[in-house]
Amino acid sequence: METEDNPPVEDFAQALAALKAEYQVSDSEIARRINVSPATVNTWVHRKRVPRDEAIARLAQAFPKYSAKRLSDAAGRKVPGPLSPDREERLLEVMRGLTEDQQESFEIQMRAVRDSNRSNR
């Protein structure tokens with residue numbers, strides 16, 4: 001229910017429509033700027049899919065009035081944290097010390113944690 005403390009939730013198609021209006025861009029122009037196909041943008045416009053985290057980050061970079069947080073919230077996701085080169089190297093160091101079976105298990109666990117960032121809208 002919409003109240004002052006609980007504003008209406010913007011879905012990704014609505015956020016994208018606002019972005020398109022504010023920047024006066026077409027689906028094709030958005031696609032060109034973030035290196036995806038126009039058909040991909042069309043699936044977002046028609047609520048068939050929401051973009052992956054990487055596409056959301058590229059959208060926020062290409063259209064700075066639309067933050068990664070706003071776009072991620074609209075897509076029903078949490079914003080991924082930054083991955084510094086040091087942290088990436090530490091994670092790779094851990095992976096290198098694991099057996100092949102342990103690496104596969106760890107990857108499955110990491111994917112499950114990442115996928116939990118998607119809300120149940």
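Rings of Phe, Tyr and Trp, the last taken by its six-membered ring, are treated as a pair if their centres lie within 6.5 Å. By this rule the count comes to 3 aromatic pairs in what is a predicted model.

In one of these pairs the ring centres of Tyr23 and Phe63 are 4.9 Å apart and the planes stand at 75°, so the arrangement is edge-to-face, given that angles over 60 degrees fall in that class. This contact links distant parts of the chain, since Tyr23 belongs to helix α1 (residues 12–23) while Phe63 sits in the loop between α4 (53–62) and α5 (68–74), 40 residues apart.

Tyr23 is also paired with Tyr66, and here the centres are 6.3 Å apart with the planes at 55°, so the pair is tilted. Because Tyr23 lies in helix α1 and Tyr66 in the loop between α4 and α5, this pair ties together parts that are 43 residues apart in sequence. Tyr23, Phe63 and Tyr66 form one aromatic cluster.

The accessibility of the cluster members is set out below.

| Residue | Relative accessible area | Class |
|---|---|---|
| Tyr23 | 22% | partly exposed |
| Phe63 | 0% | buried |
| Tyr66 | 2% | buried |

The class of Tyr23 follows from the cut-off, because buried means under 20% relative accessible area, and Tyr23 has a value of 22%.

A charged side chain also meets this cluster residue: Lys65 lies over the face of Tyr23, at 5.6 Å from the ring centre.

Conventions:
Residues are numbered from 1 along each chain as its sequence is written. This is a predicted model: local features need pLDDT of at least 70, side-chain atom pairs count only at pLDDT 80 or more; totals for chains, interfaces and linings use all residues. Side-chain values use heavy atoms; hydrogens and water are left out. Rings of Phe, Tyr and Trp (its six-membered ring) pair if their centres lie within 6.5 Å; planes under 30 degrees apart count as stacked, over 60 as edge-to-face and the rest as tilted. Helices (H or I, at least four residues) and strands (E, at least two) are DSSP runs, numbered from the N terminus. Buried means under 20% relative accessible area, exposed over 50%, partly exposed in between (1.4 Å probe, protein chains only). A charge sits over a ring if NZ of Lys or CZ of Arg is within 6 Å of the ring centre and within 35 degrees of the ring normal.
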